[in-house]
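This report describes a protein structure for a reader who is new to the subject. Look at the sequence and the 3D view before reading on.

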Amino acid sequence: MHLRRLGLAAAAVLLAGCATAPVGPDVDESAGPITLRFQSLAFQEPSVAATERIVAAWNAEHPDVQVQLAQGSWDAVHDQLVTQFQGGTAPDVIHDESADIAGFARQGYLADLGPHLSEDTRSGVPQGVWEAVTVDGTVVAAPTLLQSYVVFANTTVLEQAGVTIPTSPTWTWDELADAARRTTTPDRPGLGWGMRQPTATVMSLGLGFGGTFFTGGGDAATLQVGDAELQVPRRIHDMAYADRSLDPTSLTQSGSDVITAFLAGRYAMVVAGSYVAQQLAEAAPPGFAWRVLPALAGTSPNQAANPQTLSVPADSPHVEQAAEFIEFVMRAENLAALAQGEWLIPASEPARNAVHAATGGRDGWEATLDGAQYLTTAPFQGVADYPQWKDQIATPALQRYLGNQTDLPTLQRELTEGWAQVAGG
Amino acid sequence: MKRPLQYLALACYVAFLGFPLLWLLGTAMKGPDELTTGGVVPLSPTFENFGDAVGRADLITAATNSLVVALGTTALVLVLALPSAYALARYRTRLKIAANAWVLVSQVFPVILVALPLFLILRQFRLVDSLVGLTLVHAVYALPFALWMLQGYIAAIPRDVEEAGVVDGAGRLRVLVSIVAPLLAPGLVATAMFTMISSWNEFFFALVLIQDPAKVTLPLTLARFVGAEGQVQLGALAAGALLATVPSLLFFAAIQRRLTSGLLSGAVKG
């Protein structure tokens, strides 16, 4: 009996506590300077330090608008933002990538930055990159850093095989295939390519053959998989199984696994994200000569731009101030410091010039920065059902094809029928 | 001949179990050039990665936060689970079936499904971005399994022991505290270990609920060593992960002796 009374009393106290608990915004907005929360995903130590310096400089210049820096993680930023947008507690300045924020933008979670960004900032970034952060006509983010796919070459092996190191602005897929064949020996394939998650690579490099895959955007997109779209997987497959100049094992590995093998001298060339140059610069054994080859071209050297972005939640009470902070980050010297720290390409031309001046174009920067001009928006970035199609249909279908388990017509059919299934016909 | 084979099998098993830790230690002590060359044993051991891990991320603060949350969760779960599990194990009612069914069902919900409503509820009580809120969430998450575990241990205690206490004049609460709880020590320790581990390693709720850099927990701090496009700072991550295992290893070393069985032997004379 005592226990029952005790339980009832405890329940009453809990309910009373719940009923009187304070509800509403966590921060008192009425007093003191405005505080903006900025969640940065800066990863490399130099770019983390550069971010801290940028925030400190802003805070020193703007006593009324203070930025509070929080370090986030690329690993789970999407799940975190899903919850925070719903709960109304997303940071005032959000660091993410354009492919990820498109969905949030379509749901109305992101503020229109168009009216807040200066002409200088707008004109410094190529239009194709702006289009990658424009959703339904609204600029939902500022693009900061980009990466492209580049060919890294062990120049010693290339020279020994009699392959001339190209100096032209671009390099064709045929030239790549030829160099791969000529550097292949019975013990060593000429090319390694980590393609464990092949869809993004195929979609991005497919643009170089005019392979757009999608027309239209949002929910009204349609998919076409023709010759242009199939060029990249077909050429990779041919190098792996017809020429035998591309190591088929590497196609099942991650990019970093293949770089490890490249550094051990197992391949003459590898294709990977441009940021891998950092790993090569830091971990290459003494005497290992390498360089970034010119941009890979089909009918054009175009690749998809999927820039890292800074955006502001639509329900932030300080959209204008947050946009001003983003403008501050976009200054050439700031963006250049971040780009150098992450070994990525800055989205704006003044910042690219600053990186070139600071690095002298060494360690692959010359070719990497040159390749930035070919980065442009890709139709798939605006397609609502693309993420589902990518994970459930395209990735396994491409893995089967690149694993030589299916043929090209089967790949074409699986991609097309899979889209019909995902998009409801 | 049989005994050496047993020892060999045991050694293989221990090596198998210990390999991840050895790999972690080896990787944590490799320099940047060795990280890409494979092999478990570092040829030129270095402690640089430990310095990087501690310097780059505030591991001490994060470990303290994790410890506060894990110990709070463990204490809360044990306090709640002991009487509940006792009731479920000893009373035969329809409620017991429903309660057990609910305990099982609650384990199959994906975390992402409960994250949002939980987040909104905690926000109402200003418990977002608070270690107290995170402790409550971890306790709610660990409680069903703790209940399930403890029920089994309680069922193994002979009723005769409790009846002897009742005959001597003890009430239900006294029986639970003075008779059942001491006999249940190994079960409570095992449950505490499970709860502690689940809270110590928990990532997703901490990610969603904690925003203040001073309140982040260890799993969140370690996640910073993983970047976009699959980049990983392997040396610093391995060093950080190794340091992160130390507090839990010390905790287990301190309490594992309590995990002995046989406390009940001779409790009831047959």
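The text below treats chain A, its salt bridges, its contact with chain B, and some features of chain B. The structure is a predicted model.

**Chain A as a whole**

Chain A has 425 residues, and 53% of them count as buried. Its secondary structure consists of 18 helices and 19 strands. Along the principal axes, the C-alpha atoms of chain A fill a box of roughly 85 × 55 × 45 Å. The chain exposes about 17,700 Å², and carbon and sulfur atoms supply 50% of that area. Among the contacts in chain A with a separation of 6 or more, 74% come from residues 24 or more positions apart.

One helix of chain A can be looked at for burial. How many of the nine residues of helix α9 (residues 198-206) of chain A are buried? Eight of the nine are, so the helix is largely enclosed by the rest of the structure. Among the buried residues of α9(A) are P198(A), V202(A), M203(A) and L205(A).

W343(A) is a residue to check for its backbone angle. Most residues other than glycine have a negative phi. Phi of W343(A), however, is near 60°, a positive value. W343(A) sits in the loop between α14 (332-342) and β18 (345-346) of chain A. Its relative accessibility is 14%; because buried means under 20%, W343(A) counts as buried.

**Salt bridges**

Side chains of opposite charge can pair when their charged atoms come close. Over all chains, a search of the whole structure finds eight salt bridges. The table lists three of the pairs in chain A.

| Pair | Closest N to O distance | Helix of chain A |
|---|---|---|
| D178(A) and R182(A) | 3.5 Å | α8 (residues 173-182) |
| R234(A) and D238(A) | 3.1 Å | α10 (residues 227-242) |
| E417(A) and R413(A) | 3.6 Å | α18 (residues 408-422) |

Why are D178(A) and R182(A) separated by about one helical turn? They are four residues apart in helix α8 of chain A, which puts about one turn between them. R234(A) and D238(A) are likewise four residues apart, in helix α10 of chain A. E417(A) and R413(A) both lie in helix α18 of chain A, again four residues apart, or about one turn of the helix.

The residues in these pairs can also be sorted by accessibility. In the α8 pair, D178(A) is partly exposed at 31% relative accessibility, and R182(A) is partly exposed at 42%. In the α10 pair, R234(A) has a relative accessible area of 28% and is partly exposed, while D238(A) is partly exposed at 29%. In the α18 pair, E417(A) counts as partly exposed at 47%, as does R413(A) at 44%.

The α8 pair also belongs to a network of salt bridges, which links D178(A), R181(A), R182(A) and D243(A).

**Where chain A meets chain B**

The size of an interface is often given as the accessible area lost when the parts come together. Between chain A and chain B the buried area is about 3,200 Å², of which carbon and sulfur atoms give 58%. The elements that give two or more residues to the side of chain A that touches chain B are α2 (45-61), β2 (65-71), α3 (77-87), α11 (255-263) and α12 (277-283) of chain A. Of these, α3(A) gives the most, with six residues.

In terms of residues, 35 of chain A are in contact with 30 of chain B. The count of salt bridges between the two chains is zero. Seven residue pairs between them are in polar contact.

**Features of chain B**

Chain B has a nonpolar patch on the surface, formed by F19(B), L22(B), W23(B), V40(B), V41(B), V232(B) and L234(B). Together these residues have about 590 Å² of accessible area. Which helix of chain B gives the most to the patch? Helix α1 (residues 2-28) does, with three residues. V41(B) lies in the loop between α2 (32-35) and α3 (48-56) of chain B, and at 61% relative accessibility V41(B) counts as exposed.

P83(B) is found in helix α4 (residues 59-90) of chain B. At 36% relative accessibility, P83(B) counts as partly exposed. Leaving out residues up to four places away in sequence, P83(B) touches L78(B) and L176(B). P83(B) and A181(B) are 98 residues apart in sequence, and their C-alpha atoms are 9.7 Å apart in space.

Finally, D129(B) has a positive phi of about 65°, although it is not a glycine. D129(B) is in the loop between α6 (111-124) and α7 (131-155) of chain B.

Notes
Residues are numbered from 1 along each chain as its sequence is written. Chains are lettered from A and ligands numbered from 1 in the order in which they are written. This is a predicted model: local features need pLDDT of at least 70, side-chain atom pairs count only at pLDDT 80 or more; totals for chains, interfaces and linings use all residues. Side-chain values use heavy atoms; hydrogens and water are left out. Patches are made of residues with over 30% relative accessible area and no salt bridge: like charges are joined within 9 Å, nonpolar side chains (Val, Leu, Ile, Met, Phe, Trp, Tyr) within 5 Å. Accessible areas come from the Shrake-Rupley method with a 1.4 Å probe; for residues, only the protein chains shown count as cover. A salt bridge is a side-chain nitrogen of Lys or Arg within 4 Å of a carboxyl oxygen of Asp or Glu. Buried means under 20% relative accessible area, exposed over 50%, partly exposed in between (1.4 Å probe, protein chains only). Contact means heavy atoms within 4.5 Å. Buried area is the accessible area (1.4 Å probe) that two parts lose on being put together, summed over both. A polar contact is a pair of N or O atoms within 3.5 Å; within protein, one must be able to donate a hydrogen and the other to accept it, and residues adjacent in sequence count only if both atoms are side-chain atoms.
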